[in-house]
Amino acid sequence: MTLVLLGSMAGPFTGGNEAEWARYLEKLLKSERDRLMGILDSLEEGVAIIGPDRVIRFMNPSMVRQFGDGTGSRCHKHLRGLEEPCLGVCKLPDVLRGATERSEYHLPDGRAYEVISSPFADSDQVPCMLAAFRNVTKEKLIEIELMELNQLKSDMLFEKTKELEQISKDVAKLKEEKRRIIRFLSAITHDLRAPLSATQSCLWAIMGGYAGAVTDEQKDLLERSTRRIDGLLALIADLLDIPRIEAGQLVQEMKEISFNEVVERSVDSIEGLAKKKNLTLTVGLPAVSPKIWGSDRRLQQVMTNLLGNATNYTEEGSILVRVTDAEDELRVEVLDSGVGIPPEELRKLFQDFFRGSNVRSDGTGLGLSISRRIVEAHGGKIWAESPCPETGRGSKFTFTLPKRASAGTGVGPGIASDKVQGNQA
Amino acid sequence: MSKPVRILLIDDDVDFVKATMKVLQSKPYEVIAAHDGKEGLEKARSEKPDLVLLDILMPKIDGFGVADQFKKDQSLSKIPILALTSFSDSYGQPFAFEVTDFIQKPISPKDLLAKVEKHLERLDSGQ
């Protein structure tokens, strides 16, 4: 007969008499026992066999290393230093009834063990408990650290969320504040303008002879009054324009506009004066009207301001308006053959209330500074050159407007903008 | 012989009304004044004007409200409305409501008469 125990270290029994058979079996058993003991010895897990009387019957080397040799002692005494069986933790009764139990032991010194307890019949056939102790101290520490980390993360997240909430509240508050400013300014504008326009209407009615004949002398005085009221109305409009532009009102008004029409309307408004002064007015527009994203009304205000200045400061010669449609921006130039601007004043031109030495009209001193704010709110630039580099006389005002919507619309007020463009000629 | 043109001027500013009436009365217009939106609507219904000059900011019913009522009322919806305003701009976009034209206050007598005449002529030829 050939008995082959696969995997046995004893090798196959190759036949022989009974004594040889017995020796073979003994060798076989010894080798199997050695192998099992080897496994138990090299196991990282602690293994203990605990009898029904809670006496430790066996501890493998790892168990001894971790708890000291306690063979023959009560398990609760040896493992945990307790006089009585571990309350609520001891699985012995269940295991003796045939259950396999998993439990965790946390020792006072901080060590943590995961214990698998299963029924085991010892060599004397006494039903015992086989307990495998796996040291999970490190894992538990990592687990705790992870938990703490998670807690920290959620704390931070909570804080950030709170911060974000606060920021969005602040933003809403600012927006409301802006709306309030604009409403307030609109109300002021109205209340300041209403009595002036009523006065103006009365004076005009008298001056026009609608309330009876007027002498030339009376007419002259009335004319002076109405001119002053006009100036005051313009000043109010300009003064209130600045905070309105800075409060970002322009952005609300922006839409796609056809730029040639803006220029044409502005040219229309000064054509009369130019003709009266015998000035040649030339307008060069792109064949196809460029479309840009902007405030129609405000850009017309810029054009009218530049054209008005050109007309007011030019006594003879010509005014040229030129719009160039470049790839990503519009370039608008207004050239005049007028008195020009001294070089030291060029940089100051776009500041509030700046009055140049050549100024003779009764403007508000805010026209160019408002124009600058409007152009900047569109994401563009404005500057002046004098004398005009092309003609060698007069002056030239240029502004650019980005054609892509994104370039200008997000740009708010020109508040912090003291970088006035100018020619250093 | 056609009946005289009737113009209804709705504005709470009595001084402006007085001056404007003087100017309008230089033409063969019959001018009726109302000093708030409510009175304006009542007079519009009773007097059947050919054209309305309408202030925006007024007590009781403002210009927006009056224009709105005009649009809803079949007997008034065809009457041209020229809106008057002291605002230097459209302060936001509240002027999205329908009127025939806008007049920025103050307006010179010459310009006012020209505007009124223009819209009356359009009325004669158009309808």
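Biologist: How much space lies in the second largest pocket?

Modeller: This is a predicted model. Rolling a probe the size of a water molecule over the atoms shows where empty space is left. Here the second largest pocket holds about 250 Å³ of space.

Biologist: Which residues lie nearest the centre of the second largest pocket?

Modeller: They are Val5(B), Asp50(B), Leu120(B), Leu123(B) and Asp124(B), out of a lining of 15 residues. Helix α4(B) gives the most to this lining, with four residues. By class, the lining of the second largest pocket has eight nonpolar residues, one polar residue and six charged residues.

Biologist: How many cavities of 30 Å³ or more does a search of the whole structure find?

Modeller: The search finds three. The largest cavity has about 150 Å³ of space, and about 70 Å³ lies in the second largest cavity.

Biologist: Which elements supply at least two residues each to the lining of the largest cavity?

Modeller: In chain A, α3 (75–80), β3 (101–106), β4 (112–121) and β5 (127–135) each do so. The largest share, four residues, comes from α3(A). The lining has 19 residues, and those nearest the centre of the largest cavity are Ile50(A), Cys75(A), Cys90(A), Tyr105(A) and Met129(A). Its classes are 13 nonpolar, three polar and three charged residues.

Biologist: Which residues line the second largest cavity?

Modeller: Chain A is represented by Ser201(A), Trp204(A) and Ala205(A). From chain B come Phe16(B), Ala19(B), Thr20(B), Val23(B), Ile107(B), Ser108(B), Pro109(B) and Leu112(B). Two or more residues are given by each of α5 of chain A and α1 and α4 (109–126) of chain B. Helix α1(B) gives the most, with four residues. The lining of the second largest cavity has eight nonpolar and three polar residues, and no charged residues.

Biologist: Helices α5(A) and α1(B) both appear there. At what angle do these two helices pack?

Modeller: Two packed helices are described by the angle between their axes and the distance between the axes. Helix α5 of chain A (residues 137–207) and helix α1 of chain B (residues 14–24) pack at about 25°, and their axes are 8 Å apart. That angle makes α5(A) roughly parallel to α1(B), since angles under 35 degrees count as roughly parallel. The crossing of α5(A) with α1(B) is left-handed.

Biologist: Which residues of α5(A) and α1(B) meet?

Modeller: On the α5(A) side they are Ala198(A), Ser201(A), Cys202(A) and Ala205(A), and on the α1(B) side Asp15(B), Phe16(B), Ala19(B) and Val23(B). Six of the residues in this contact are nonpolar, one is polar and one is charged. Ser201(A), Ala205(A), Phe16(B), Ala19(B) and Val23(B), listed in this contact, also line the second largest cavity.

Biologist: How are α2(B) and α3(B) placed relative to each other?

Modeller: Helix α2 (residues 37–47) and helix α3 (residues 63–72) of chain B pack at an angle of about 25°, with 9 Å between their axes. They are therefore roughly parallel to each other, and their crossing is right-handed. Gly37(B), Leu41(B), Ala44(B) and Arg45(B) of α2(B) meet Val66(B), Gln69(B) and Phe70(B) of α3(B). The contact has four nonpolar residues, two polar residues and one charged residue.

Biologist: At roughly what angle do the axes of α8(A) and α9(A) cross?

Modeller: The axes of α8(A) and α9(A) (residues 296–312) cross at roughly 35° and come within 9 Å. This crossing is right-handed. The residues of the contact of α8(A) with α9(A) divide into 10 nonpolar, seven polar and two charged. Among them, Phe259(A), Val262(A) and Leu273(A) are in α8(A), and Leu299(A), Met303(A) and Leu307(A) are in α9(A).

Biologist: Turning to the backbone, where is a cis peptide bond found in chain A?

Modeller: Most residues other than glycine have a negative phi, and most peptide bonds are trans. In chain A, a cis bond joins Ser386(A) and Pro387(A), with omega about 0°. Pro387(A) is in the loop between β11 (382–385) and β12 (395–402) of chain A. In chain B, the bond from Lys105(B) to Pro106(B) is cis, and its omega is near -5°. Pro106(B) is in the loop between β5 (101–104) and α4 of chain B.

Biologist: What is the phi of Asn278(A)?

Modeller: Phi is near 60° at Asn278(A), a positive value in a residue other than glycine. Asn278(A) lies in the loop between α8 (259–276) and β7 (280–284) of chain A.

Note on methods: Residues numbered from 1 in each chain as written. Chains lettered and ligands numbered in written order. Predicted model: local features only at pLDDT ≥ 70, side-chain atom pairs only at ≥ 80, totals over all residues. Heavy atoms only, no water. Axes fitted to C-alpha atoms, helices over the stretch in contact; angles between N-to-C directions. Parallel < 35°, antiparallel > 145°, perpendicular 65-115°, else oblique. Left-handed = near helix turned anticlockwise from the far one by under 90°. Contact = heavy atoms within 4.5 Å. Nonpolar A, V, L, I, M, F, W, Y, C, P; charged D, E, K, R; others polar. 1 Å grid on protein atoms, 1.4 Å probe; cavity = no way out; pocket = protein on both sides within 12 Å on 5 of 7 lines; lining within 4 Å. Points joined across faces, edges and corners; volume = space filled by probe spheres on them.
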